[in-house]
Amino acid sequence: MKTPMLLAAGVLALFQACLQASPLKPAMEVVVLGSGGPRAFGRAGSSYIVVVDGRPRILVDAGPGAFLRIGELHLNLAKVDTVLLTHLHIDHSADLAAFFNARGLTSDRPIAYHIFGPDGAGLFPKTSRFVDLLVGDNGAFAYQKTFGADESFAVRDLAIGLNSPRTKIVDRDGLAVEEIATHHGDCPSVAYRISYRGAVVVFSGDMDASALPNLVQLAKNADLLIFNCAVLDPPGSPSQLYDLHTPPRKIGEAARDSVVKSLLLTHIAPDVEGQENAVRKSIRASFAGPVAVARDKLRVPVGK
Ligand SMILES: [Zn+2]
């Protein structure tokens with residue numbers, strides 16, 4: 001007969017095996033590194049890690065503070081080789097070099113990055129030039145390529161005209177990423193849809209309401225729509241911000257029209273944080289599904 005200790009060890013092993021095989025384990029999970037925007041009031045700038053089959057795989061935006069949150073969460077970066085940038089404002093991209101720096105120290109094997117972001121216009125460089133300015137041969141941090149693992153950077157600049165077609169940019173091992181152009185004032189911007197084993201999450205990025213038809217098309221039937229909520233309904237925020245961001249009432253309409261299952265509000269501004277009940281009521285007017293407000297270090301399962 002087995003001793004109680006052996007029996008206990010056997011039960012524990014069985015429990016762990018059940019957990020690993022559990023159908024409840026989500027195909028994907030989103031870890032919020034930063035749920036804020038450009039104002040410094042305690043939230044890191046916008047950034048997320050997408051966990052696929054239990055492993056961190058994709059970095060979506062790299063706002064200031066992402067580096068710190070990665071460490072606080074003890075996230076293993078060893079498989080994070082895909083970076084999706086919604087746009088190149090500082091509150092979404094300032095920690096990109098810090099991420100490369102940290103990731104380079106997680107591996108003694110070569111790292112081949114696949115980086116996606118918008119084409120350039122006006123004051124904003126195209127994403128390939130942005131990465132080059134950081135870590136290219138003549139970049140500010142050219143030394144990064146000599147620090148830690150050998151690194152290569154394949155950067156694809158994405159079309160930014162609102163009439164550009166929705167495009168699949170990653171299709172590998174069952175993991176698919178699609179993108180479509182959005183509109184964020186004068187700053188080129190795109191939204192992303194990530195799919196894996198039937199689970200779908202969509203990131204709006206920062207966008208004004210003129211891009212909602214594109215976003216609604218991209219988000220159709222998604223399990224989770226992560227929508228940046230940086231303003232109150234008019235006239236609650238400075239009028240010029242409505243040329244940059246989508247107000248809550250229209251976010252609710254977009255969630256309804258795209259028939260998403262759930263909504264996560266992020267890129268939270270101080271006045272939005274202070275009037276959360278009014279924001280929720282405004283969204284509830286159109287969207288009946290679950291609505292959550294992001295905070296740094298929140299983990300959100302996607303799909304079943
Ligand atoms: Zn922003």
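**Close-up 1. Helix H6 and its surroundings in this predicted model.** The buried residues of H6 pack against strand E8 (175–181), strand E9 (190–196), E10, E11 and H7. Those buried residues are Leu 212, Asn 214, Leu 215, Val 216, Leu 218 and Ala 219. With six of the eight residues of H6 (residues 212–219) buried, the helix is largely enclosed by the rest of the structure. Look just past the end of H6 and you will find Asn 221, which takes a positive phi of about 60 degrees.

**Close-up 2. The open sheet running from E7 to E13.** Here seven strands line up in the order E7-E8-E9-E10-E11-E12-E13, with mixed pairing. The edges are held by strand E7 (167–172) and strand E13 (291–293); each has a single partner strand, so one side of each is left without a neighbour in the sheet. On average, neighbouring strands of this sheet are turned by 15 degrees against each other, direction ignored. For a good place to zoom in, try strand E10 (residues 199–203) and strand E11 (residues 224–228), which run parallel and are joined by three bridges. Phe 203 has Ile 226 of E11 as its bridge partner.

**Close-up 3. Helices H7 and H9 on the sheet.** Helix H7 (residues 248–257) lies across E11 and strand E12 (262–266), and runs at about 160 degrees to E11. Helix H9 (residues 276–284) also packs on the sheet, where it touches E12 and E13, and its direction makes about 155 degrees with that of E13. The two helices meet as well: H7 and H9 pack at an angle of about 40 degrees, their axes 7 Å apart. That angle makes H7 oblique to H9. The crossing of H7 and H9 is right-handed. To follow the contact, find Pro 248, Arg 249, Ile 251 and Gly 252 on H7, and Val 279, Ser 282 and Ile 283 on H9.

**Close-up 4. The open sheet running from E6 to E14.** Seven strands make up this sheet, in the order E6-E5-E4-E3-E2-E1-E14, and the pairing is mixed. Strand E6 (151–158) and strand E14 (299–302) stand at the edges, each with a single partner strand, so one side of each has no neighbour in the sheet. Neighbouring strands here are turned by 20 degrees against each other on average, direction ignored. Eight bridges join strand E5 (residues 111–118) to E6, and these two strands run parallel. Within that pairing, Tyr 113 has Phe 153 of E6 as its bridge partner.

**Close-up 5. Helices H4 and H5 across the strands.** Helix H4 (residues 96–104) lies across strand E3 (55–62), strand E4 (82–84), E5 and E6, and runs at about 165 degrees to E5. Helix H5 (residues 127–135) lies across E5 and E6, at about 150 degrees to E6.

**Close-up 6. Two nonpolar cores.** The largest nonpolar core has 30 residues, of which Met 28, Leu 84, Ile 194, Val 201 and Phe 203 touch the most other members. E9 supplies the largest share of this core, four residues. Leu 84 is a nice residue to centre on: leaving aside residues up to four places away in sequence, Leu 84 touches Ile 58, Leu 59, Val 60, Asp 61, Phe 116, Ile 169, Val 177, Tyr 192 and Ile 194. A second, separate core holds 29 residues, among them Ile 180, Ala 211, Leu 215 and Phe 227.

Methods: Residues are numbered from 1 along each chain as its sequence is written. This is a predicted model: local features need pLDDT of at least 70, side-chain atom pairs count only at pLDDT 80 or more; totals for chains, interfaces and linings use all residues. Side-chain values use heavy atoms; hydrogens and water are left out. Two strands pair if DSSP finds at least two bridges between them. Axes are lines fitted to C-alpha atoms, for helices over the stretch in contact, and angles run from 0 to 180 degrees between N-to-C directions. Contact means heavy atoms within 4.5 Å. Buried means under 20% relative accessible area, exposed over 50%, partly exposed in between (1.4 Å probe, protein chains only). A nonpolar core is a set of buried Ala, Val, Leu, Ile, Met, Phe, Trp, Tyr and Cys residues joined through side-chain atoms within 4.5 Å. Angles under 35 degrees count as roughly parallel, over 145 as roughly antiparallel, 65 to 115 as roughly perpendicular and the rest as oblique. A crossing is left-handed if the near helix is turned anticlockwise from the far one by less than a right angle, and right-handed if clockwise.
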